[in-house]
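Here are a few exercises to work through with the model open in your viewer. Try each task before you read the solution.

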Amino acid sequence: METQYLNALKFVLDNGTTKTDRTGVGTISCFGMQQRYDLRLGFPAVTTKKLAWRSVASELLWFIEGSGDEKRLREILHGSGDSDKDTIWTANATAAYWKPRAKYEGDLGRVYGVQWRHWRTHETEWQRTDTGKEQVVVKEVDQLKQLIEGIKADPYGRRHILSAWNPGELELMALPPCHTFAQFYVSADNKLSCQMY
């Protein structure tokens with residue numbers, strides 16, 4: 001896997017286009033490159049650096065949970081939401097461009113896990129609260145639950161999709177998603193594949 005990754009980096013350096021970006025650092029990129037990894041051979045850690053495995057696992061658990069709260073990620077990673085230790089999302093939660101839009105300290109908005117587990121639909125309904133008042137409730141889709149149920153019920157279906165890219169809510173995210181879309185595929189011999197963009 002490391003050789004494949006290094007070959008891809010070399011290809012980008014040799015053939016890529018240099019551009020400016022939002023960070024001011026700049027990038028060298030090649031559009032549409034693909035990488036394929038057989039997970040039976042191990043986890044595809046595409047890096048030449050030491051992998052912070054606990055951080056990776058904690059972030060994935062946080063996504064699966066459906067949270068958009070950086071303090072919750074801190075709790076999963078460090079054992080306490082009040083820890084003074086940072087997470088990979090701390091800089092986004094405290095960024096000057098985001099803080100005025102955050103609803104509470106640590107709020108990251110409708111990022112990955114929120115989209116995976118609480119995708120808002122166009123439907124709303126009126127519900128009566130415990131105090132007897134009526135309020136509008138936006139219905140949600142749990143994409144992850146639907147994905148798992150869909151693969152179990154119709155493994156050869158082509159609509160096993162998980163999306164984090166929600167154009168109507170990009171401004172409600174501290175950082176728009178990098179991994180935006182995944183499609184899952186079950187082969188005739190019952191092997192599960194995933195293509196992620």
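**Exercise 1: the ends of a helix**

Asp-69 caps the N-terminal end of α3, with one of its side-chain oxygens 2.9 Å from the backbone nitrogen of Lys-71. Keep in mind that this is a predicted model.

Task: find the residue that follows α3 and say what its phi looks like.

Solution. Step one: α3 covers residues 70-78. Step two: go just past the helix, and you land on Gly-79. Step three: check the backbone there; the phi of Gly-79 is positive, near 90°.

**Exercise 2: the buried side of α3**

Task: work out which residues of α3 are buried and how they sit around the axis.

Solution. Step one: look for residues under 20% relative accessible area, the cut-off for buried. In α3 that picks out Glu-70, Leu-73, Arg-74 and Leu-77. Step two: these residues span an arc of only 100° around the axis, so they lie on the same side of α3. Step three: see what packs over them; the cover includes α2 (53-65) and α4 (90-93).

**Exercise 3: a salt bridge within α3**

Task: find the partner of Glu-75 in a salt bridge and place both residues.

Solution. Step one: the Glu-75 side chain meets that of Arg-72, at 2.9 Å from N to O. Step two: both belong to helix α3 and sit three residues apart, about one turn of the helix. Step three: check exposure. Glu-75 counts as partly exposed at 38% relative accessibility, and Arg-72 is partly exposed too, at 27%. Step four: widen the view, and Glu-65 turns up in a salt-bridge network with Arg-72 and Glu-75.

**Exercise 4: salt bridges between elements**

Task: for the salt bridges Asp-142 to Arg-117 and Lys-139 to Glu-123, say which parts of the chain they link.

Solution. Start with the general idea: side chains of opposite charge can pair when their charged atoms come close. Step one: between Asp-142 and Arg-117, the closest N and O atoms are 2.7 Å apart. Asp-142 is in the loop between β4 (134-141) and α6 (143-153), while Arg-117 is in helix α5 (residues 112-118), so this pair ties together parts 25 residues apart in sequence. Arg-117 is partly exposed, at 22% relative accessibility.

Step two: Lys-139 and Glu-123 meet at 3.6 Å, N to O. This pair links distant parts of the chain, with Lys-139 in strand β4 and Glu-123 in strand β3 (residues 119-128), 16 residues apart. Lys-139 comes out partly exposed at 33% relative accessibility, and Glu-123 is partly exposed at 37%. For the total, the structure holds 12 salt bridges.

**Exercise 5: a nonpolar patch**

Task: identify the residues that join Ile-161 in a nonpolar surface patch.

Solution. Step one: Ile-161 is located in strand β5 (residues 161-163). Step two: its relative accessible area is 32%, so Ile-161 counts as partly exposed. Step three: add Phe-31, Phe-181 and Tyr-197, and the patch formed with Ile-161 has about 490 Å² of accessible area together.

**Exercise 6: the whole protein**

Task: describe the overall layout of the protein.

Solution. Step one: count six helices and seven strands. Step two: read them along the sequence as α-β-β-α-α-α-α-β-β-α-β-β-β. Step three: gauge the burial; 28% of the 197 residues are buried. Step four: turn to the surface, about 14000 Å² of it accessible, with 54% belonging to carbon and sulfur atoms.

Methods:
Residues are numbered from 1 along each chain as its sequence is written. This is a predicted model: local features need pLDDT of at least 70, side-chain atom pairs count only at pLDDT 80 or more; totals for chains, interfaces and linings use all residues. Side-chain values use heavy atoms; hydrogens and water are left out. Patches are made of residues with over 30% relative accessible area and no salt bridge: like charges are joined within 9 Å, nonpolar side chains (Val, Leu, Ile, Met, Phe, Trp, Tyr) within 5 Å. Accessible areas come from the Shrake-Rupley method with a 1.4 Å probe; for residues, only the protein chains shown count as cover. A salt bridge is a side-chain nitrogen of Lys or Arg within 4 Å of a carboxyl oxygen of Asp or Glu. Helices (H or I, at least four residues) and strands (E, at least two) are DSSP runs, numbered from the N terminus. Buried means under 20% relative accessible area, exposed over 50%, partly exposed in between (1.4 Å probe, protein chains only). The arc is that of the directions from the helix axis to the C-beta atoms. Contact means heavy atoms within 4.5 Å. A polar contact is a pair of N or O atoms within 3.5 Å; within protein, one must be able to donate a hydrogen and the other to accept it, and residues adjacent in sequence count only if both atoms are side-chain atoms.
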